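The exercises below are meant to be worked with the sequence and the coordinates open side by side. Each task is followed by a solution that proceeds step by step.

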Amino acid sequence: MSEVILELQDLSTHFFTDYGEIPAVDRVSIKVHKGEVVGIVGESGCGKSVTSLSIMQLIPSPPGKIVGGEIRFKGENLALTTEKRMKKIRGNEISMIFQEPMTSLNPLFTIGNQMIEALRIHQKISKKEAKEQSINMLKRVGIPRAEQVIDEYPHQLSGGMRQRVMIAIAMSCEPEILIADEPTTALDVTIQAQILDLMRILNDEKETAILLITHDLGVVAEICERVVVMYSGQVVEEGTTREILKDPKHPYTQGLIKSLPKLHEKEQKLYSIPGTVPKPKMDRKGCRFASRCERAFDRCFQVDPELFLIEGERKSRCFLYDEKKGDGIDRAASSIRS
Amino acid sequence: MGTSKIKKHAEQQANPMNLEEIELEEQEAISPWKDTFKRLRKNRFAIIGFTIILFFILLGLLAPVLSSYTYEEQNLANRLHPPSEEYWLGADHIGRDIFTRIAYGARVSLQVGFFAVTGALVFGTLLGILAGYFGRWIDMLISRIFDILLAFPSILLAIAIVAILGPSLENALIAIAIVNIPIFGRLVRSKVISLREEEYIMAAKAQGMKSGRILFHHILPNSIAPIIVQATLSFGTAILEAAALGFLGLGVQPPTPEWGQMLADSRDFIQLAPWTLFAPGISIMLVVLGFNLIGDGLRDALDPKMKH
C-alpha cells in the first residue's frame with residue numbers, strides 16, 4: 001500500500017469537567033494512506049468528532065486536552081507542534097468540512113469574499129487571481145453560474161450548494177487530507193449522494209485522502225475503503241468496508257448492521273441494540289459494550305479487552321477473538337494503562 | 001406543443017443542477033446593510049427620530065445665522081422677558097436670549113454625546129472582545145472591572161470622576177465615556193461568547209486563520225448590529241448625563257451655554273418665568289427621545305428575524 005500520511009497512535013483526548021475527567025477519545029490508533037478514504041463510524045458521543053478536532057488541534061481548551069499519544073502527519077507529530085505551525089497546516093495541508101453547511105459560512109460576507117480570504121491565507125496571490133481560482137473551484141464542485149454565485153451571500157444558497165462551497169474552500173489549497181465531519185448529515189438524500197460523488201471525484205483527481213466521519217453506514221458503503229468503528233471513545237473494530245459490512249466481528253458492529261432496514265425483507269420492527277451508550281468515564285472496568293452485549297461473559301465485565309488482531313489489518317476489541325490468535329496483541333491497548 | 005414542455009421537464013429531472021439554477025435565477029445579491037437601510041426607511045418612528053436629531057444638528061450648526069444675539073450678550077433691562085418677537089423663547093435672569101443659548105447649547109450636547117459614546121464604544125468594544133474571545137483570566141479581570149464600574153450609580157461615578165479631574169467640558173466627556181464603557185463591554189463580550197461557538201468561526205479556524213483576523217474580520221462584523229443600537233441609545237443617555245452634570249455645575253463652565261446648566265440657573269424663577277425652564281427642558285427631552293426612536297428603529301431593522 002502507498003505511504004501513510006496520517007497516523008494516530010494511542011491518541012487520548014480527555015475533557016476535564018465539573019463532573020471529573022472524561023476520556024472522550026481513549027487510545028485511538030488510526031492510519032490513513034495517501035489517497036485513501038477512511039471512515040470513522042459510531043453513534044453520537046462516541047468520540048468521532050473529538051478525534052477529528054484533535055487532529056486539527058482545535059479541541060476547545062479548557063476543558064479539552066490531548067493527554068497522550070501521537071498524531072503523526074507526514075512524520076511530524078501534530079500533538080507537539082506549535083500553534084504557529086498548525087495555522088500553516090490547517091486549511092493548507094489538512095482541511096476540514098463540518099456537519100452544518102447552513103452555519104459554516106459567515107452570513108455577512110459574500111461567497112467570493114470568504115473563498116478569496118481562505119486562499120490568500122496560504123498563498124501569496126493577488127485578489128484578482130484568487131477570485132479567478134475561486135470561480136474555477138466553484139465550477140469544479142459543480143456550482144452553476146459560478147460567476148454570479150461568487151458575489152452572492154450564503155443565505156441565497158441552498159444547503160447542498162453551501163456544502164459544495166465549503167468543499168470548494170476546503171479543497172482550494174489542495175490539501176493532502178480532507179477531514180469531513182458528517183458532511184452529509186444535514187442534507188437530504190439526493191443531495192447527499194451528489195456530495196459523496198463530488199468527494200469521490202476530488203479524491204480520484206487529486207489523490208486527496210479523506211477521513212470521513214459519519215454515523216451512516218450507507219455513506220460508508222458508498223465511498224469508504226476502510227472503516228474504523230468507534231464506541232464510547234475507543235476503536236472497537238477495524239477493517240475494509242467489505243469485511244466490516246459483510247462479516248462484522250465485534251458484537252457492537254454486528255448489532256449496528258443488524259439494525260439497518262433491509263430492502264428485500266418484509267416490513268418488520270427494526271432490530272435495536274438494547275440500552276444506551278455509557279458515558280465515558282475514567283477507570284471503567286471491563287468492556288464498554290459489555291452491559292449491552294448479548295454475548296458477554298464474566299471476563300467482559302472485569303477486564304478491559306485489547307484490540308485483538310484477527311488477520312491482516314482486521315482488528316476487533318472483543319474477547320471472542322482472544323484465543324484464536326493469541327499472539328496478535330495490539331500494542332495500543334497494552335502500553336498505556338498500568 | 002405539449003411534448004416540448006415534457007421534454008424540458010425530463011431534462012430538468014435528469015440534471016438536478018438545472019433545478020437549482022432556475023430556483024435562484026430571480027435573486028440578486030442584496031447586501032445586509034442595504035437591506036437594513038431599506039427596512040429602516042419604512043419605520044415611521046425612526047424617521048421622526050431622525051428628523052428631530054437633524055433639526056437639532058442644523059440648529060447647532062446654524063446658530064450664528066439664526067440668531068442676531070450672541071450667547072453671552074446680556075441685557076439687564078430685559079431680565080426674564082417672556083417670549084416675544086424680540087426674544088423668541090424669552091430671556092433669562094440676566095437678560096440673555098434663550099433661543100440663542102439653546103442653539104449654541106445644542107452644539108455642546110451633541111458634541112458630548114458623540115465623543116463620549118465614541119470613546120465608550122471603542123474602549124468598551126475592545127475590552128469586550130478581549131474578554132469574550134480569550135476568556136480565562138483576561139475575562140475574569142475585565143469583567144470584574146466592569147462589575148465594579150457598574151456597581152456605582154452612573155451619575156455618582158461621573159460626579160466622582162469629574163470631582164477628581166476638575167469640572168470642564170472635556171472632563172465631563174471623559175467621565176461619561178468611562179461610565180458607559182462597561183455597558184458596551186458587557187454587550188460585546190456576551191455577543192462574542194455566543195459567536196465564538198458558531199460553526200463558521202470553527203471553520204475559519206480550520207482554514208488556518210489567525211486569531212486577530214477571526215476577531216476583527218468575522219466576530220466583530222457579526223456583533224456590530226447590537227453595538228450600533230446600543231450606541232444610538234447611549235447617545236441619549238450620554239446627553240442626559242451631561243445635562244445632569246451641567247445642572248450640578250460640574251460640566252461646561254459658564255458662560256458657555258449648556259442645557260442642564262440653563263435648567264439649574266432658571267429653577268429659582270420657575271414661578272415667575274417658567275419659559276426659562278421650558279426651553280432647555282424640552283430640548284433635552286426631544287434629543288433623548290430622538291435618539292431612542294432611532295435606536296428602536298435600528299434594532300428592528302437590524303434583526304433579520306423581525307422581517308414582516
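**Exercise 1. Identify the lining of the second largest cavity, then state its volume, its composition and the elements that supply it.**

Step 1. In this predicted model, the second largest cavity is lined by Ser104(A), Leu105(A), Asn106(A), Gln114(A), Met166(A), Ile169(A), Tyr200(B), Ala203(B), Ala204(B), Gln207(B), Met209(B) and His218(B). On a 1 Å grid over the protein atoms alone, a cavity is a set of points where a 1.4 Å probe fits but cannot get out, a pocket is an open set with protein on both sides within 12 Å along at least five of seven lines, and lining residues have an atom within 4 Å of a point.

Step 2. The space in the second largest cavity amounts to about 80 Å³, where a volume is the space filled by probe spheres set on the points, and grid points are joined across faces, edges and corners.

Step 3. Sorting the lining by class gives seven nonpolar, five polar and no charged residues, with Ala, Val, Leu, Ile, Met, Phe, Trp, Tyr, Cys and Pro counted as nonpolar, Asp, Glu, Lys and Arg as charged, and the others, Gly among them, as polar.

Step 4. H6 of chain A and H10 of chain B each supply at least two residues of this lining, and the largest share, three residues, comes from H10(B). Helices (H or I, at least four residues) and strands (E, at least two) are DSSP runs, numbered from the N terminus.

Two conventions apply throughout: residues are numbered from 1 along each chain as its sequence is written, while chains are lettered from A and ligands numbered from 1 in the order in which they are written. Because this is a predicted model, local features need pLDDT of at least 70 and side-chain atom pairs count only at pLDDT 80 or more, whereas totals for chains, interfaces and linings use all residues, and side-chain values use heavy atoms, with hydrogens and water left out.

**Exercise 2. Describe the largest cavity and the burial of H10(B).**

Step 1. The structure holds eight cavities of 30 Å³ or more, and the largest of them has a volume of about 100 Å³.

Step 2. Of the 14 residues that line the largest cavity, Gly91(A), Ile169(A), Ala170(A), Ala206(B) and Gln207(B) lie nearest its centre. By class, this lining has nine nonpolar, five polar and no charged residues.

Step 3. At least two lining residues each come from E6, helix H3 (111-122) and helix H6 (159-171) of chain A and from H10 of chain B, H6(A) giving the largest share with three residues.

Step 4. Within H10(B), Tyr200(B), Ile201(B), Ala203(B), Ala204(B) and Ala206(B) are buried, buried meaning under 20% relative accessible area, exposed over 50% and partly exposed in between (1.4 Å probe, protein chains only). Their cover includes H1, E6 and H6 of chain A together with H9 and H11 of chain B.

Step 5. Just after H10(B), Gly208(B) takes a positive phi of about 90°.

**Exercise 3. Place Ser95(A) in its sheet, and explain why it counts as buried.**

Step 1. Ser95(A) belongs to strand E6 (residues 94-97) of chain A, and it counts as buried because its relative accessibility is 2%.

Step 2. Apart from neighbours within four places in sequence, Ser95(A) is in contact (heavy atoms within 4.5 Å) with Met56(A), Ala170(A), Pro175(A), Ile177(A), Leu178(A) and Ile179(A).

Step 3. The open sheet has eight strands in the order E6-E7-E8-E3-E9-E10-E12-E11 (chain A), with mixed pairing. E6 and strand E11 (308-311) of chain A stand at the edges with a single partner strand each, so one side of each has no neighbour in the sheet. Two strands pair if DSSP finds at least two bridges between them.

Step 4. E6(A) and strand E7 (residues 177-181) of chain A run parallel and are joined by four bridges, and Ile97(A) stands opposite Ala180(A) in E7(A).

**Exercise 4. Characterise the largest pocket.**

Step 1. The largest pocket has a volume of about 1200 Å³. Its lining comprises 41 residues, of which Leu58(A), Ile59(A), Pro60(A), Ser61(A) and Lys205(B) lie nearest its centre.

Step 2. This lining divides into 19 nonpolar, nine polar and 13 charged residues.
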